[in-house]
Amino acid sequence: MAVDEQVLYSVKNVKKHFPVRGGILQRVKNHVKAVDGITLDIYKGETLGVVGESGCGKSTLGRTILGLESLTEGELVFNGNNISNYSSRQLKPFKKEMQMIFQDPYASLNPKQRIGDALEEALIIHTNLSSLERRERVLQLLNEVGLKEEHYERYPHEFSGGQRQRIGIARAISINPSFIVCDEPVSALDVSVQAQVIKLLRDLQEKHGLTYLFVSHDLGVVRHLCNRVLVMYLGQMVELAPVHKLYENPTHPYTEALLSAIPRPTVGRKRERIRLKGDLPSPSNPPTGCPFHTRCPIAQNKCSTEKPAWREIDEGHFIACHER
Amino acid sequence: MKETVLEVKDLVTTFKSADGPLPAVRGASFSVKKGETLCIVGESGCGKSITALSIMGLLPSNGMIADGSIFFNQKNLAEMSPKQMQKVRGNDVSMIFQEPMTALNPVFTVGFQIREPLMIHLKLSKKQAHMRGIELLKMVGIPSPVERMNQFPHELSGGMRQRVMIAIALSCNPSLLIADEPTTALDVTIQAQIIDLLNDLKEQLDMSMIMITHDMGVVAEIADRVIVMYAGEIIEEGRVEEIYENPQHPYTKGLLASVPNVDDPEFDLKPIVGSMPMLNEQISGCRFHPRCPFAFDKCMEKSPETFQVTDKQNVRCWLQEEGVEQNGGRRASSL
Ligand SMILES: Nc1ncnc2c1ncn2[C@@H]1O[C@H](COP(=O)(O)OP(=O)(O)OP(=O)(O)O)[C@@H](O)[C@H]1O
Ligand SMILES: Nc1ncnc2c1ncn2[C@@H]1O[C@H](COP(=O)(O)OP(=O)(O)OP(=O)(O)O)[C@@H](O)[C@H]1O
Ligand code: SF4
Ligand SMILES: [Mg+2]
Ligand SMILES: [Mg+2]
């Protein structure tokens with residue numbers, strides 16, 4: 001994984017708020033602040049992990065970056081082009097560069113469509129290949145993700161979970177994108193199959209120089225696959241660091257708690273766990289000040305009133321915390 | 001040595017199908033002692049839940065216990081009538097089910113659902129049951145339990161619903177608790193709370209527990225002993241230390257090498273090729289041989305015997321037979 005320091009995608013103060021409607025008139029009563037001010041640069045060839053608890057906005061961030069959700073606020077700059085306000089026509093050449101791999105590839109496959117035809121679809125939209133060339137390309141893709149030529153004729157229900165994820169990957173890489181958002185691509189798979197798919201993602205990245213945004217709640221997989229990691233809490237950034245710094249020197253108290261909570265597959269080494277009090281607050285009514293203060297073991301008065309600044313504490317290592 | 005609470009012998013559970021009965025559990029034998037936690041691990045579809053549901057007498061209508069015995073406190077559950085089983089479930093054995101959302105009834109309050117078993121099985125009055133219910137919620141660490149009694153499941157977070165499930169499962173002081181993936185749907189921080197809770201409760205109540213999971217990390221934190229299932233069979237069994245530090249079966253080794261270690265940046269991920277067979281797939285010899293990197297002729301022909309590694313560790317693999325050269329086996333075990 002050769003990462004050069006060239007920025008592929010610049011995400012600036014991106015926000016995505018969903019309206020919450022209620023009452024008889026279905027008026028907008030409130031907003032879910034699913035993504036609430038994310039700023040980061042994604043480098044060419046890197047895998048940037050995004051972690052955090054369920055509902056913290058990981059998928060929404062991925063979808064917003066891909067232009068699948070409208071921006072509430074902020075700027076998206078892809079390869080030097082500010083695409084934030086592009087029309088769908090202007091976006092088309094950029095959409096070809098960005099693809100997504102989903103947690104449940106089955107949901108995104110048409111059950112009545114043969115796998116070969118499903119894979120051809122993107123080629124029809126985005127390339128001028130002849131039908132013979134398209135068939136060639138699909139067979140090559142099947143081979144590349146470890147499936148067989150005879151799978152061309154098969155239907156989605158005839159595949160196992162791991163095979164379906166391979167199809168999802170084949171579809172994502174079919175038109176040679178440079179950037180792929182992987183949203184929990186291995187979470188639904190058995191561990192033995194999960195390891196196969198992780199290896200495949202890594203091999204493809206090396207071969208095609210892909211850049212990944214890798215959304216996951218599995219901190220083991222993230223350590224194994226990512227170069228840098230962003231930790232999110234209630235739509236906000238709490239820590240961003242190169243992978244070894246994050247795991248060896250987690251600095252935000254939330255990151256610390258998250259890492260200490262992972263059950264380790266090693267017997268006998270009883271570690272002290274940092275116990276978090278309470279549950280995740282609602283993202284439609286996030287706490288004032290630091291979003292983590294209601295559960296933070298080291299919170300002081302200031303934390304409930306003042307939002308901590310985003311600051312660099314070591315090269316490439318950023319946190320938002322008053323006390324660290 | 002502590003007394004044995006549960007003894008399962010040669011359990012075979014089958015499902016009806018157009019091609020005749022298909023076995024989902026193929027001759028499983030294991031036991032659980034008082035105060036002990038046994039973990040059942042293995043990948044999706046290997047038969048973990050069906051083993052548990054066989055013990056509980058709660059198999060789906062197309063499934064049945066075709067062979068074997070399940071002795072619980074000297075009585076064979078496999079031969080009991082549904083009515084007798086109902087009594088066992090209320091009083092001695094209880095289970096936390098795999099899907100927490102479906103396990104609580106959305107139209108009844110938490111209080112109603114926790115009082116009911118207490119009134120039926122322990123014959124408490126409604127008032128007594130209410131007081132006991134509050135105590136139980138407090139025991140599983142639910143804040144403001146008095147108010148919670150009047151709330152509906154959807155008003156609680158996932159972690160809290162799981163605590164309520166645990167409280168209900170413990171309400172009649174069972175001597176055996178079966179927990180089927182009780183933390184799989186939860187975030188790691190909440191999962192950690194539930195694991196700590198189960199460990200504390202088990203110690204307090206000197207209860208036996210069967211914990212089903214596919215997470216090798218969870219197993220290490222909670223198990224005394226472990227059984228590893230593959231395609232309906234128990235392929236390895238041992239103390240938790242034995243399974244992690246000296247795994248013998250190629251599948252157990254493969255499972256451990258498939259989970260990236262969070263604490264090791266250089267971890268060498270080694271996937272197992274292929275995937276779990278379907279119930280109707282015919283496999284000769286060892287059921288793992290099509291995926292096994294060490295398989296040799298005998299593995300394809302004959303189902304392996306059980307070999308004893310230590311007094312507690314058993315493994316079903318022909319590599320254990322004397323005189324078999326472990327080609328590369330040592331390399332895999334020194335991971
Ligand atoms: N279309 C939508 N309308 C309203 N609210 C939404 C919508 N999509 C997401 N949300 C809310 O936004 C928040 C963030 O959701 P998101 O799916 O991004 O979280 P996540 O981090 O991906 O969680 P998970 O780990 O469970 O996948 C949640 O509170 C969710 O309920
Ligand atoms: N009602 C049913 N009818 C037919 N087959 C069934 C039924 N329920 C389960 N099975 C099959 O029995 C086998 C064992 O299923 P079981 O639910 O015990 O798996 P499991 O190990 O608990 O998996 P998971 O980790 O996914 O929960 C599977 O192959 C499954 O498809
Ligand atoms: S019996 Fe043979 S095929 Fe089965 S696990 Fe052992 S070596 Fe592999
Ligand atoms: Mg998500
Ligand atoms: Mg199950």
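**Ligand 3, a pocket and an interface**

Biologist: Which residues are around ligand 3?

Modeller: In this predicted model, the residues around ligand 3 are B:His249, B:Pro250, B:Cys286, B:Phe288, B:His289, B:Cys292, B:Phe294, B:Ala295, B:Cys299, B:Cys317, B:Trp318 and B:Leu319.

Biologist: How does that shell divide into nonpolar, polar and charged?

Modeller: The shell around ligand 3 holds 10 nonpolar residues and two polar ones, with no charged residue among them.

Biologist: Which domains does chain B have, and where do they run?

Modeller: Chain B is divided into domain 1, covering 106–169, and domain 2, covering 245–332, and the centres of these two domains, taken over C-alpha atoms, are separated by 44 Å.

Biologist: Switching to pockets, what is the volume of the second largest one?

Modeller: The second largest pocket has a volume of about 650 Å³, and of the 25 residues that line it, B:Phe97, B:Gln113, B:Pro117, B:His121 and B:Ile168 are the closest to its centre.

Biologist: Which helix gives the most to that lining?

Modeller: Helix 4 of chain B does, with six residues, while helix 2 (82–91), strand 6 (93–96) and helix 7 (158–170) of chain B are among the elements that each supply at least two.

Biologist: And what is the lining's make-up in nonpolar, polar and charged residues?

Modeller: The lining of the second largest pocket divides into 16 nonpolar, seven polar and two charged residues.

Biologist: Now the interface: how many residues of chain A are in contact with chain B?

Modeller: Contacts link 36 residues of chain A with 39 residues of chain B, and the two chains bury about 3300 Å² between them, with 56% of it on carbon and sulfur atoms.

Biologist: Which three residues of chain A supply more of its buried area than any other three?

Modeller: Those are A:Pro265, A:Val267 and A:Arg273, which supply 19% of the area that chain A buries against chain B.

Terms used:
Residues numbered from 1 in each chain as written. Chains lettered and ligands numbered in written order. Predicted model: local features only at pLDDT ≥ 70, side-chain atom pairs only at ≥ 80, totals over all residues. Heavy atoms only, no water. Near = heavy atom within 4 Å. Nonpolar A, V, L, I, M, F, W, Y, C, P; charged D, E, K, R; others polar. Domains from an automatic or database assignment. 1 Å grid on protein atoms, 1.4 Å probe; cavity = no way out; pocket = protein on both sides within 12 Å on 5 of 7 lines; lining within 4 Å. Points joined across faces, edges and corners; volume = space filled by probe spheres on them. Helix = DSSP H or I, 4+ residues; strand = E, 2+ residues; numbered from the N terminus. Contact = heavy atoms within 4.5 Å. Buried area = accessible area lost by both parts, 1.4 Å probe.
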